[in-house]
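This report describes helix packing, the nonpolar core and aromatic contacts. The sequence and structure are shown first.

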Amino acid sequence: MSVVNSTHIWIDDRGVAWIDQTNLKVIEIVLERLTHGSSVEEIVDQHKGLITLAQVHAALAHYYDFEDEFNAEIEKQLMRADQMRQENLDSPGRVKLKQL
């Protein structure tokens with residue numbers, strides 16, 4: 001019997017983990033799991049035909065292998081989003097919407 005090693009995950013030049021043959025980052029799947037509590041099957045269903053059960057399991061396994069790093073990146077992204085929101089509270093578009 002031959003052994004096949006397929007991780008379904010690859011890392012780009014910036015160190016971002018991607019799921020093979022998709023345009024999905026591992027962190028996107030992780031966020032679906034953490035923020036929405038989506039099951040593996042629900043994640044596959046939400047991405048109809050784009051991702052397999054094996055790919056989702058591989059993404060989650062990769063997350064758990066590097067949980068501290070992923071959690072730090074998630075926190076960094078949340079802080080950046082909050083910073084951007086704070087910087088744009090008085091943007092011309094928001095002011096106009098408030099006037100309406």
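At what angle do helix H3 and helix H4 pack? In this predicted model, local features need pLDDT of at least 70 and side-chain atom pairs pLDDT 80 or more, while totals for chains, interfaces and linings use all residues. Residues are numbered from 1 along each chain as its sequence is written, and side-chain values use heavy atoms, without hydrogens and water.

Helix H3 (residues 53–65) packs against helix H4 (residues 67–87) at about 95 degrees, and their axes are 5 Å apart. H3 is therefore roughly perpendicular to H4 (a term for angles of 65 to 115 degrees). In the contact (heavy atoms within 4.5 Å), His-62, Tyr-63, Tyr-64 and Asp-65 of H3 meet Glu-67, Phe-70 and Asn-71 of H4.

Two of these aromatic residues count as buried, that is, under 20% relative accessible area with a 1.4 Å probe:

| Residue | Relative accessibility |
|---|---|
| Tyr-63 | 3% |
| Phe-70 | 11% |

Tyr-63 and Phe-70 form an aromatic pair (ring centres within 6.5 Å) at 5.8 Å centre to centre; with 70 degrees between the planes, the pair is edge-to-face (over 60 degrees). Tyr-63, Tyr-64 and Phe-70 make up one aromatic cluster.

The largest nonpolar core (buried nonpolar residues joined through side-chain atoms within 4.5 Å) has 19 residues, of which Ile-9, Ile-19, Val-26, Ile-29 and Val-56 touch the most other members. H3 gives the most to this core, with five residues. Leaving aside residues up to four places away in sequence, Val-26 touches Ile-9, Ala-17, Trp-18, Ile-19, Ala-59, His-62 and Phe-70.

Key:
Axes fitted to C-alpha atoms, helices over the stretch in contact; angles between N-to-C directions. Helix = DSSP H or I, 4+ residues; strand = E, 2+ residues; numbered from the N terminus. Parallel < 35°, antiparallel > 145°, perpendicular 65-115°, else oblique. Buried < 20%, exposed > 50% of the residue type's maximum accessible area, 1.4 Å probe, protein only. Phe/Tyr/Trp six-rings, centres within 6.5 Å; stacked < 30°, edge-to-face > 60°.
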